[in-house]
Amino acid sequence: MNVDSTMKIHFNDLQAPTREIQQDLWAAAQRVLDSGWYVLGEELKAFENEFAAYCNVQHCIGVSSGTEALHLALKACDLHPGDEVITASHTFIANALAITWTGATPIFVDIDRRSNTIDPNEVERAITSKTRAILPVHLYGQCADMDAIMQLAKKHDLWVIEDAAQAHGATYKGQKAGSFGDLGCFSFYPSKNLGAYGDAGGITTNNAELADTLRRLRNYGQLDRYWHPTVGYNSRLDEIQAALLRVKLPHLNGWTAERRRLANMYHELLGGYVDIPLEQPNQGHVYHLYVIKTPRRDQLKEYLGSQGIGALIHYPIPIHLQQVFKHLDIDRKRLLMTEEAATTVLSLPLYPGITDSEVHTVAKTVLDFLLKNR
């Protein structure tokens, strides 16, 4: 990880959580090297089984990235040009790009101001005769309102594809992210709560037919070697990444518990002074990011930086305002909460390995700024 030497408290430290398991990681990589088998082997099969069990689903299909997970999931649902997929604009652009790659059109709807996740009421308003799927984003580590979304999908006979890239282990009424919809899409990018050492992703499902389709799609459309009944892609999760993820997976619950403890510390220190994350009822937030809101966001970020504290903005330009989607006929009045979030959200340092003292320093610095700028 590249770090800014001027920072006293970094936004993230990807090495901190794994320092105690370095020997296990090296041993896993060596095991793959010694095996002489590097693609679609036993390590991948084992990780897929283990992650499926973790998510309480029947199948996991390892793919090359979280973006490819979304892309292949949408392809497996047989979307075509003219189809519409309802999704959020306040997130990373991968969801919208994946929809576009199928030929379908992303339909952006607003978020709930308290949860920052897609607003089911706005989803319902956006459903048309062209709608084929809903793609909710479990943002920052908290699930979308899946009861309402699944009810809408059942009523209108729509696919549900969960973007769970930031929600490994997050729960909604006790059920794991990635186990509600027809398909769940995960990213194992290095900075995720369960991160690989490069790009990696996975798709979860309880649908055996979809699982078989996805295994073909990720491997050139092959049913058997050199037999290609459908168009496919080269989107496989390699053996070394799978082996390393297998080492890290048993530690995920512990890292999640630490993230929640640190988040509660921020809650206690900042609550009442700034708009802090609100964990929705019956949810288990995994705090991939700890995101506050303030109308003085840009000034606060600059002040934190001047005090040697790293902070980041997720996401300053909503997807519907990106140049690539300028051609879409978008009513910005229906995305007011999304555009408000883009100007007010700020992510504070939070990761397994940051110390209590550092969290106190970050919070004190935020409060110092707020008191100076009342």
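Two strands are taken to pair if DSSP finds at least two bridges between them, and in this predicted model that criterion gives a starting point in strand 2 (residues 84-88) and strand 3, which run parallel and are joined by 5 bridges. Within that pairing, the bridge partner of Glu-84 is Thr-105 in strand 3. Between the two strands the chain passes through helix 4 (residues 94-101), and the β-α-β crossover that results is right-handed.

These two strands belong to a wider arrangement. An open sheet of 7 strands has the order 1-9-8-5-4-2-3, and its pairing is mixed. Its edges are strand 1 (59-63) and strand 3 (105-109), each of which pairs on one side only, and neighbouring strands of the sheet are turned by 25° against each other on average, direction ignored. Strands of a sheet pair through backbone hydrogen bonds, either parallel or antiparallel. Elsewhere in this sheet, strand 5 (residues 159-163) and strand 8 (residues 183-187) run parallel and are joined by 3 bridges, with Ile-161 standing opposite Leu-183 in strand 8. Helix 7 (residues 208-217) lies across strand 1, strand 5, strand 8 and strand 9 (201-205), and its direction is at about 15° to strand 1.

From the strands the path leads to the packing of side chains. In soluble globular proteins, nonpolar side chains tend to be buried together. Here the largest nonpolar core has 40 residues, and those with the most contacts inside it are Phe-47, Phe-51, Phe-188 and Leu-245. Helix 2 (42-55), helix 5 (120-126), helix 6 (146-156) and helix 8 (239-248) are the elements that give two or more residues to this core, and helix 2 gives the most, with 6 residues. Leaving aside residues up to four places away in sequence, Phe-188 touches a set of residues that includes Phe-47, Phe-51, His-168, Leu-194 and Leu-245. A second, separate core of 36 residues includes Phe-11, Cys-77, Ala-133 and Leu-217.

Helix 6 can be followed residue by residue. Met-146, Ala-148, Ile-149, Leu-152 and Ala-153 are buried in this helix; because they cover an arc of only 165° around the axis, they lie on the same side of helix 6. The face turned away from that buried side carries the exposed residues Gln-151, Lys-154 and Lys-155. What covers the buried residues of helix 6 includes helix 5, strand 4 (131-135), strand 5 and strand 6 (171-172). Helix 6 is followed by Asp-157, whose phi is positive, near 55°.

Strand 6 leads in turn to another sheet, which is open, consists of 3 strands in the order 7-6-10 and has antiparallel pairing. Strand 7 (175-176) and strand 10 (283-284) are its edge strands, each pairing on one side only. Strand 6 and strand 7 pair in the antiparallel sense over 2 bridges, and the bridge partner of Thr-171 in strand 7 is Lys-176.

A further antiparallel pairing joins strand 11 (residues 290-293) to strand 12 (residues 345-348) over 4 bridges, and in it Val-291 stands opposite Ser-347 in strand 12. Both faces of strand 11 are covered, with Tyr-290 and Ile-292 buried on one side and Val-291 and Lys-293 buried on the other.

Methods: Residues are numbered from 1 along each chain as its sequence is written. This is a predicted model: local features need pLDDT of at least 70, side-chain atom pairs count only at pLDDT 80 or more; totals for chains, interfaces and linings use all residues. Side-chain values use heavy atoms; hydrogens and water are left out. Axes are lines fitted to C-alpha atoms, for helices over the stretch in contact, and angles run from 0 to 180 degrees between N-to-C directions. Contact means heavy atoms within 4.5 Å. A crossover is right-handed if, with the strands pointing away from the viewer, the path from the first strand over the helix to the second runs clockwise. A nonpolar core is a set of buried Ala, Val, Leu, Ile, Met, Phe, Trp, Tyr and Cys residues joined through side-chain atoms within 4.5 Å. Buried means under 20% relative accessible area, exposed over 50%, partly exposed in between (1.4 Å probe, protein chains only). The arc is that of the directions from the helix axis to the C-beta atoms.
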